[in-house]
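This report goes through one protein chain, beginning with a helix and moving outward to the strands and to the chain as a whole. Please keep the sequence and the structure in view while reading.

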Amino acid sequence: MEEAIRLNKYLGDAGVCSRREADRLIEEGKVLVDGVVAVMGTKVLPGQKVECCGKIVGEKEKPVFLVVNKPRGIVCTTSDKDQAENIVEFLNYPKRIYPVGRLDKDSEGLLLMTNEGDIVNKILRGGNDHEKEYAVAVNRPVTEEFLEKMRKGVWIEDLEVTTKPCRAWQTGSHTFHIVLTQGLNRQIRRMCRALDYHVMNLKRVRIMNIKLGNLKRGEYRELTAEELDGLKKLLCGSTNLPMSEVVKLREAEKDRKPERKQKPDGRAQKPGADRKTERPEAFKEGHRIFRTAPKRYPEPAGRVKAEADSHKE
């Protein structure tokens with residue numbers, strides 16, 4: 001019997017949307033399973049009919065991977081709270097696609113768009129340490145002291161977190177590049193603000209091996225075969241699980257490994273060292289039997305000659 005899978009995973013694997021987006025659609029009552037409105041946690045069995053936003057979810061569509069140069073003023077969410085055009089509406093692409101992560105309304109530059117939910121999660125998980133590079137312009141001269149603080153990590157008070165160490169280098173009197181491996185909300189702006197700098201312009205120029213290059217603002221292109229192959233190689237070994245689940249798996253793995261006992265002096269004892277082995281009879285008390293032939297050393301030359309002379313007599 002085939003195993004049921006969670007509805008959000010089913011929609012992600014079918015290329016409809018990401019799992020997070022699927023959860024939102026389920027909560028809004030836009031997903032039906034066999035004609036019944038689905039709820040969070042619903043599982044799908046083979047042969048069941050799934051509808052999303054009025055469309056039947058069928059076989060997985062051909063994968064789509066786009067590089068987009070997002071202009072300022074465009075948002076990456078599909079909610080109406082920003083009262084601004086979102087990236088899906090802006091592109092008006094003929095297939096259902098969604099952005100890999102977010103680039104806030106006031107930022108511009110590289111944005112990946114796809115219908116492959118599994119790859120989205122692998123790129124976005126902070127624990128996978130995938131690089132994203134940004135070109136930043138600020139309102140004050142960039143100093144080495146400022147860059148060093150950015151590299152070491154900055155305490156962000158409103159989030160109560162210190163950012164992960166990163167790379168940063170100066171590109172002009174008021175500009176620098178920074179490479180992050182995490183994606184906190186408005187992270188670079190918050191980091192600069194904590195150091196009394198204000199971001200004037202922020203542009204993402206690279207995600208992993210994908211570069212923005214000379215793509216004009218507002219335009220998009222498909223990933224080349226070489227770029228897609230390189231991306232998949234970099235994602236090899238990455239997980240699409242949330243960090244909380246990764247931690248649980250690591251803890252479970254530790255529990256399965258045998259603990260090393262300590263010797264009386266506190267040092268770790270090798271596994272199996274506490275096993276008692278019956279000693280051979282030869283080594284028991286009162287016996288003086290060699291397990292191997294004793295070594296024989298050459299006799300001193302003077303002693304050999306004296307013994308030879310005594311035989312002559």
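Which residues in H6 are buried?

## Helix H6 and its surroundings

In this predicted model, the buried residues in H6 are Gln 187, Ile 188, Arg 189, Arg 190, Met 191 and Cys 192. Helix H6 spans residues 187–194 and is mostly covered, with six of its eight residues buried. The buried residues of the helix pack against a mixed set of elements, namely strand S10 (132–138), helix H5 (144–152), strand S11 (155–156), strand S14 (175–180) and strand S15 (199–207). Just after H6, the backbone at Asp 196 takes a positive phi of about 65 degrees.

## Arg 189 within the helix

Arg 189 is found in helix H6, and this arginine counts as buried because its relative accessible area is 10%, where the cut-off for burial is under 20%. When neighbours within four places in sequence are left aside, the contacts of Arg 189 are with Asp 104, Asp 106, Ser 107, Val 199 and Leu 202. Two of the residues in that list, Asp 104 and Asp 106, are aspartates.

## Strand S14 and its partners

Strand S14, one of the elements against which the buried residues of H6 pack, is itself mostly covered, since five of its six residues are buried by the cut-off of under 20% relative accessible area. S14 pairs with S10 in the antiparallel sense over six bridges, and within this pairing Glu 133 stands opposite Val 179 in S14.

Strand S13 (residues 167–170) also pairs with S14 in the antiparallel sense, here over four bridges. Trp 169 has His 177 in S14 as its bridge partner, and the two strands, S13 and S14, form a hairpin with four residues between them.

## The four-stranded open sheet

Elsewhere in the chain, four strands form an open sheet in the order S3-S2-S5-S6, and the pairing is antiparallel. Strand S3 (36–37) and strand S6 (55–56) stand at the edges with a single partner strand each, so one side of each is left without a neighbour in the sheet.

At one of these edges, strand S5 (residues 50–52) is joined to S6 by two bridges, and the two run antiparallel. The bridge partner of Glu 51 is Ile 56 in S6.

## Cysteines

How many disulfides does the count come to? The count comes to zero disulfides, on the rule that a pair of cysteine sulfur atoms must lie within 2.5 Å. The cysteines can nevertheless be described by their exposure: Cys 166 counts as buried because its relative accessibility is 13%, whereas Cys 236 is exposed, as its relative accessible area is 65%. Cys 192, in H6, is buried.

## The chain as a whole

The secondary structure of the chain comes to nine helices and 17 strands. Of the 313 residues in the chain, 35% are buried, and the chain exposes about 20,800 Å², of which carbon and sulfur atoms supply 50%. Among contacts in the chain between residues at least 6 apart in sequence, 63% join residues at least 24 apart. The contacts of Arg 189 with Asp 104, Asp 106 and Ser 107 offer a local illustration of how a residue in helix H6 meets other parts of the chain.

Key. Residues numbered from 1 in each chain as written. Predicted model: local features only at pLDDT ≥ 70, side-chain atom pairs only at ≥ 80, totals over all residues. Heavy atoms only, no water. Buried < 20%, exposed > 50% of the residue type's maximum accessible area, 1.4 Å probe, protein only. Contact = heavy atoms within 4.5 Å. Areas by Shrake-Rupley, 256 points an atom, 1.4 Å probe, with all protein chains shown as cover. Pairing = 2+ DSSP bridges.
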